[in-house]
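Visitor: I should like to understand how the descriptive terms applied to this structure are justified. May we go through them one at a time?

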Amino acid sequence: MMNQDTILAGQALTLKRYPITSNCNLQAWDAADHHLLKTLQDQQLDADGALLLNDAFGALACGIQAERFYSHTDSKVAQLGCIKNLSLNGRDPELNWLAIDEPWPESLELVLMKLPRNLNQLDSQLQKLSQTLRAGARLLIGGKAKLINRALVERCARQFGQATPSLAWKNTRVIECVFDGQPRATTPLRQWPVPEYDLTLSNMPNVFAGNSLDIGARAILPYLPEDCDGPIVDLGCGNGVLGLRAGQLNPNADIHFVDESAAAVQSAELNWQENLKRNGAQFHWSDCLSEIAPLQAQWILCNPPFHQGDAITDHIAWQMLKDSHRHLCKGGQLLLVGNRHLGYHVKLKRVFGNSELVASDNKFVVLVATKN
Ligand SMILES: C[S@@+](CC[C@H](N)C(=O)[O-])C[C@H]1O[C@@H](n2cnc3c(N)ncnc32)[C@H](O)[C@@H]1O
């Protein structure tokens, strides 16, 4: 079991990953969190009223010395983790969560950002900051030193203003940026066609499968159910391609789109409006099905992730299978696609007591399990 106690910039904290699993050997903070907090401390910056962007499990929220601050994250799992860790550390600050479609406060003078993995997401956050902040506002971006190269620093300077990388510390760097007061235009969303299914998809930054159909999605799409009355759930919907196709094939069914990424849920909603143009869809920002009211689905469609951030893990797939079993009606079915080597048939047998092979190629298997 991983040690969950640490000292970040002089503060003793207990930080757990979310969800807390008994076999979790992954840490809930990293050296970039530590570097950001240390920079605040070394430079004696006033963090009151600051905005935290992309705080992974609340290490920044727990470590920041401020009475009041804002936080925005795309990830529901990160948000739930942060809330758990704040209470674990007896912190009850006035934390204002900013949702994906909310404006950020103009009064911000300091922003702490964990470098997102996706550079389109970085651009989009820098652009939104540039449309919000006043000239002179400061932005500290913390990340792994190997990712903070000259091109990245120039990108920050282009999208925000003066950008100066720190020396490396524990294999991380902090880029210190000062806003030049020039608002940058938002990059238009990419749109791309899927002609074989008569769909046009748009992906917000940070959403899986940026500009082409994922090969796993391609493998499962020919086997979606037809002419059922639903409800049908697209679990881990990304841009919503499985639910959209299910909506075409099942015009009387309600389709539920679920993802832990707020940008994914927003993309699915946009794509539904653009492609299906009918009522009957619901959109949920949720960690698996944990925040969905007692839904008894007839079908759940799933192309599960096998990583959480940088960490390869099968705990999300396990959770998706268990939640699916709970949220299917009797006789309801889970249709799932996965890499052959991930052994999903074994997991399905454990959770459902059955698993049938629907299709396979040299890379993927499509499986179905029935709730008895
Ligand atoms: C392999 S992608 C599949 C996307 C889309 N369904 C497709 O087939 O192209 C997996 C999706 O699961 C989402 N995801 C990851 N962890 C999740 C969780 N805990 N709860 C809900 N969705 C999650 C990811 O954001 C991602 O959109």
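Guide: A residue is called buried when its relative accessible area is under 20%, exposed when that area is over 50%, and partly exposed in between. The model discussed here is a predicted one.

Visitor: Why is Lys-347 called buried?

Guide: The relative accessible area of Lys-347 is 9%. The limit for buried is under 20%, and Lys-347 is therefore classed as buried. Lys-347 belongs to helix H10, which spans residues 344-352.

Visitor: What makes the pair formed by the side chains of Lys-347 and Asp-314 a polar contact?

Guide: A polar contact requires a pair of N or O atoms within 3.5 Å. The two side chains are in polar contact at 3.4 Å.

Visitor: Why is Thr-172 counted as buried?

Guide: Thr-172 has a relative accessible area of 4%. Because buried means under 20%, Thr-172 falls in that class. Thr-172 is part of strand S9 (residues 172-178), and a polar atom of the Thr-172 side chain is 2.7 Å from the backbone oxygen of Trp-169.

Visitor: Is Gly-240 buried or exposed, and how do you know that?

Guide: Gly-240 is buried, because its relative accessible area is 0% and the class takes values under 20%. The loop between strand S12 (232-235) and helix H7 (241-249) holds Gly-240. Gly-240 and Phe-257 are 17 residues apart along the chain, and their C-alpha atoms are separated by 6.8 Å.

Visitor: Why is Ala-157 called partly exposed?

Guide: Ala-157 has a relative accessibility of 29%. Values that are neither under 20% nor over 50% define the partly exposed class, so Ala-157 is placed there. Ala-157 lies in helix H5 (residues 150-159).

Visitor: What makes Lys-277 count as exposed?

Guide: Lys-277 reaches 65% relative accessibility, and exposed means over 50%; the term exposed therefore applies to Lys-277. Lys-277 sits in the loop between helix H8 (262-275) and strand S14 (281-285).

Visitor: What is noted about the phi of Lys-277?

Guide: The phi of Lys-277 is near 50 degrees, a positive value in a residue other than glycine. Most residues other than glycine have a negative phi. Ala-9 is another residue with a positive phi, near 45 degrees. Ala-9 occupies the loop between strand S1 (5-8) and S2. Ala-9 is buried, because its relative accessible area is 12% and the cut-off is under 20%.

Visitor: Which peptide bond leading to Pro-19 is called cis, and what is its omega?

Guide: The bond from Tyr-18 to Pro-19 is cis, with omega near -10 degrees. Pro-19 is in the loop between strand S2 (11-14) and helix H1 (31-42). The peptide bond from Gly-230 to Pro-231 is also cis, with omega near 0 degrees. Most peptide bonds are trans.

Visitor: How do you know that strand S6 is mostly covered?

Guide: Of the 5 residues in S6 (residues 110-114), 5 are buried. Leu-110, Leu-112 and Lys-114 lie on one side and Val-111 and Met-113 on the other, and both faces are covered.

Visitor: What makes S6 and strand S7 a pair?

Guide: Two strands pair if at least two bridges are found between them. S6 and S7 (residues 138-144) run parallel and are joined by 5 bridges; Met-113 has Ile-141 as its bridge partner in S7. The chain passes from S6 through helix H4 (residues 119-130) to S7 in a right-handed β-α-β crossover. S6 is also joined by 3 bridges to strand S3 (residues 51-53), again in parallel.

Visitor: Which strands form a hairpin with 4 residues between them?

Guide: S10 and S11 form that hairpin, and Asp-198 in the turn has a positive phi of about 55 degrees. The two strands are antiparallel and joined by 5 bridges.

Visitor: Which atoms of the protein are 3.2 Å or less from the ligand's polar atoms?

Guide: A polar backbone atom of Gly-236 is 2.9 Å from a ligand nitrogen, and a polar backbone atom of Glu-260 is 3.2 Å from a ligand nitrogen. A polar side-chain atom of Asn-303 is 2.8 Å from a ligand oxygen. The ligand taken alone exposes 600 Å², of which the protein buries 91%.

Terms used:
Residues are numbered from 1 along each chain as its sequence is written. This is a predicted model: local features need pLDDT of at least 70, side-chain atom pairs count only at pLDDT 80 or more; totals for chains, interfaces and linings use all residues. Side-chain values use heavy atoms; hydrogens and water are left out. A polar contact is a pair of N or O atoms within 3.5 Å; within protein, one must be able to donate a hydrogen and the other to accept it, and residues adjacent in sequence count only if both atoms are side-chain atoms. Accessible areas come from the Shrake-Rupley method with a 1.4 Å probe; for residues, only the protein chains shown count as cover. Buried means under 20% relative accessible area, exposed over 50%, partly exposed in between (1.4 Å probe, protein chains only). A crossover is right-handed if, with the strands pointing away from the viewer, the path from the first strand over the helix to the second runs clockwise.
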